[in-house]
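User: I'm new to this structure and would like to learn how to read it. Could you take me through some features, with the general idea before each case?

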Amino acid sequence: MTVIIKNLTFKNPLLLASGTFGLGDKFLGVINKMGGIITKGITIEERLGNPIPRIFETPSGILNSVGLENPGIKKFKTTILPKLTKLQTNLFINIAGSSVDEFTILATELDVPEIAGLEINLSCPNIKNSQRLPAQNPRLVAKIVAAVRKKTSKFLIAKLTANFIDPLITAQAAVDNGADAISLINTLYGIAFDVKTRKPILGGITGGLSGPAIKPFALYCIWHIRQKLDVPIIGGGGIMTANDVKEFLLAGAQLVAIGSGNLVDPFLGLKILKELEE
Amino acid sequence: MIITEKAQIIFNNSLSEEIYSMKLNSPHVAKQAKPGQFVMIRITNDYSFILPRPFAIADCTKNMIRIVYRVVGKGTKVLSTRKPGEILNVLGPLGKPIPKLKNKKVVLCAGGVGIAPLRFLASKLAKNNEIFLYYGAKTKKELILVNELKPLCRKMVLATEDGSYGKKGVILDFLSPDFLRNQKINYIFASGPLPMLKNLELKLQILPEIPVYGFLEAKMGCGCGLCYCCGVKTREGKYLRICTDGPVFSLKKVDLSSLNK
């Protein structure tokens with residue numbers, strides 16, 4: 001099941017998706033069996049995240065609004081990263097900047113040997129004060145990816161969105177400017193209301209929808225890009241079983257990222273791996 | 001060590017109209033669980049209820065754990081229909097255990113189904129400590145587990161809001177600071193609705209020397225520190241995670257208003 005992309009070897013096609021497996025310092029027995037782990041998004045400054053509630057269950061889905069809670073790059077490097085040096089798999093750090101400069105600072109800070117690569121977070125829907133996601137603008141995607149590429153020789157993943165844009169356009173922009181792989185589809189925009197209080201349920205008002213509810217759309221996006229573009233794709237969106245993984249691979253993904261499934265069961269990656277091996 | 005296991009339902013009995021007691025054969029969790037900890041249980045094995053739900057451990061004996069829960073939404077409604085012999089996925093034990101206490105005077109203060117985690121705590125504290133239980137509910141029917149708790153407590157004060165059993169009123173009306181001071185109470189553990197915890201914290205501001213701990217609840221994703229969805233703000237304004245930093249917190253350190261909603 002080994003997958004080789006560029007200079008990296010993945011022992012299997014399973015990744016633990018950003019946002020769903022903490023910072024990589026828990027459940028090491030699961031992480032080490034996977035092809036890789038992508039940490040929660042790291043920003044330059046510490047972020048407290050959005051008010052609670054941050055999670056709400058929908059039919060076959062999960063709506064979340066965590067808001068990139070993280071300790072900031074300095075604390076991450078001093079307190080978390082040293083714990084991750086013995087990971088026996090590919091470690092990717094998800095970096096979330098609010099400007100091109102911030103992305104390049106994060107990339108420079110993380111140009112360290114313990115890390116296999118970076119995932120450029122262009123598509124987190126839970127950030128206030130941003131009317132649009134960077135990944136909704138191909139020119140911005142090009143600019144950020146090119147700027148980060150100049151600062152690091154690490155494996156670069158561009159995490160794109162399928163919210164209100166054809167991701168084929170942004171995938172092309174990412175590849176043309178040095179991304180080694182693209183990741184799709186992250187979460188979809190969502191909101192839920194409490195009909196008794198007549199107010200939005202999530203503390204962050206809007207959130208990102210994930211889980212099996214979005215799987216067919218995620219598969220479509222990956223298949224759609226695969227028809228036109230020869231780029232390594234990390235597919236994700238509602239993977240809960242080995243059959244789901246196979247579907248994503250059939251649609252054209254080289255790797256898959258387990259996201260919401262980790263919340264349902266932190267050992268899901270191991271279970272899926274076992275099923276795939278059988 | 002946190003594990004996931006398939007647990008068979010031994011019983012799932014109603015204690016009152018909306019409150020159920022469920023016993024599960026969950027040997028790995030039972031072997032390790034300590035008071036203060038909880039489990040995440042999946043309601044069904046399909047995706048109709050995708051997120052597991054957190055439940056306090058109310059009792060723990062060899063191979064078995066028991067949860068006591070109120071039907072509050074669609075998920076717990078379906079859980080209440082699950083039958084003995086059926087299998088549920090259980091993840092646990094989760095959360096930080098309460099440290100062992102010895103030769104202490106401890107007040108347990110419960111509101112409604114909040115009695116569940118205190119039942120487990122009382123069973124462990126009873127050997128080496130004196131327990132004073134203050135327990136209130138809306139009606140007599142909702143005063144549950146009383147017979148189990150009676151032998152564990154030196155003193156038990158019961159109250160109902162409608163006066164159908166015990167004293168009439170909310171339980172905090174009967175927890176007097178003078179009593180706590182005179183008895184030289186060492187610790188207070190409280191579990192119940194958020195307004196009760198808030199009022200308790202306010203009431204006991206005049207006794208800063210007594211540590212007061214509350215069992216907190218929040219909408220959870222994973223229950224084990226991976227998703228960062230269940231937060232409570234500290235008084236300094238930073239979030240702690242209820243699943244891994246708690247679920248039991250010093251009420252003097254957290255800002256309970258951050259849990260409003």
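Analyst: We'll go through salt bridges, a helix face, surface patches and some backbone oddities. Keep in mind that this is a predicted model.

User: Fine, let's start with charges. How many salt bridges does a search of the whole structure find?

Analyst: The general idea first: side chains of opposite charge can pair when their charged atoms come close. Here, the search over all chains turns up 22 salt bridges. One to look at is the pair Lys215(A) and Glu247(A), whose side chains meet at 2.7 Å, N to O. That pair links distant parts of the chain, 32 residues apart: Lys215(A) sits in helix H6 (residues 215-228) of chain A, and Glu247(A) in helix H7 (residues 242-251) of chain A.

User: Is Lys215(A) buried or exposed? And what does Glu247(A) count as?

Analyst: Lys215(A) has a relative accessible area of 13%, and the cut-off for buried is under 20%, so Lys215(A) is buried. Glu247(A) comes out at 35%, so it counts as partly exposed.

User: Which residues of chain B are linked in a network of salt bridges?

Analyst: Asp59(B), Arg66(B), Arg119(B) and Glu148(B) are linked that way. Take it pair by pair. The side chains of Asp59(B) and Arg66(B) form a salt bridge at 3.5 Å, N to O, and both Asp59(B) and Arg66(B) are buried. Arg119(B) and Glu148(B) form another salt bridge, at 2.6 Å, N to O. This second pair links distant parts of the chain, with Arg119(B) in helix H3 (residues 115-125) of chain B and Glu148(B) in helix H4 (residues 146-149) of chain B, 29 residues apart. For the cover around them, Arg119(B) is buried at 10% relative accessible area, whereas Glu148(B) is partly exposed at 31%.

User: Now helices. How do I read which way a helix faces?

Analyst: An α-helix has 3.6 residues a turn, so residues three or four places apart point the same way. Try that on helix H2 (residues 73-80) of chain A, where Ile73(A), Phe76(A) and Ile80(A) are buried. Looking down the axis of H2(A), the buried residues fall within an arc of 80 degrees, so they line one face of the helix.

User: Which exposed residues does the face of H2(A) turned away from the buried side carry?

Analyst: That face carries Lys74(A) and Thr78(A). Lys75(A) is also in helix H2 of chain A, and with a relative accessible area of 43% Lys75(A) is partly exposed. For a sense of the fold around Lys75(A), check Glu45(A): the two are 30 residues apart along the chain, yet their C-alpha atoms are separated by 9.2 Å.

User: What about patches on the surface?

Analyst: The idea is to look for residues of one kind that gather on the outside. In chain B, Lys34(B), Lys100(B), Lys124(B) and Lys127(B) gather in a surface patch of positive charge. Of these, Lys100(B) lies in the loop between strand E7 (87-94) and strand E8 (105-111) of chain B, and Lys100(B) is exposed at 83% relative accessible area. Chain A offers a nonpolar patch of about 270 Å², made by Ile191(A), Phe193(A) and Ile205(A). Phe193(A) belongs to strand E12 (residues 193-194) of chain A and is partly exposed, at 49%.

User: And the backbone? Where should I look for something unusual?

Analyst: Most residues other than glycine have a negative phi, and most peptide bonds are trans. Against that background, the bond from Ile52(A) to Pro53(A) is cis, with omega near 0 degrees. Pro53(A) is in the loop between strand E4 (36-42) and strand E5 (55-58) of chain A. Gly246(B) and Pro247(B) are joined by a cis bond too, with omega about 15 degrees, and Pro247(B) is in the loop between strand E15 (239-241) and strand E16 (248-250) of chain B.

User: Which residue in the loop between E7 and E8 of chain B has a positive phi?

Analyst: That's Asn103(B), with phi near 55 degrees, in that loop of chain B. Asn103(B) counts as exposed at 64% relative accessibility. In chain A, Asn186(A) has a positive phi of about 50 degrees. Asn186(A) is in the loop between strand E10 (181-184) and strand E11 (188-191) of chain A, but at 17% Asn186(A) counts as buried.

Technical notes. Residues numbered from 1 in each chain as written. Chains lettered and ligands numbered in written order. Predicted model: local features only at pLDDT ≥ 70, side-chain atom pairs only at ≥ 80, totals over all residues. Heavy atoms only, no water. Salt bridge = Lys/Arg side-chain N within 4 Å of Asp/Glu carboxyl O. Helix = DSSP H or I, 4+ residues; strand = E, 2+ residues; numbered from the N terminus. Buried < 20%, exposed > 50% of the residue type's maximum accessible area, 1.4 Å probe, protein only. Patch = residues over 30% accessible without salt bridge, like charges linked within 9 Å, V, L, I, M, F, W, Y side chains within 5 Å. Areas by Shrake-Rupley, 256 points an atom, 1.4 Å probe, with all protein chains shown as cover. Lys, Arg positive; Asp, Glu negative; His and termini not counted. Charge placed at Lys NZ, Arg CZ, Asp CG, Glu CD. Arc of directions from axis to C-beta.
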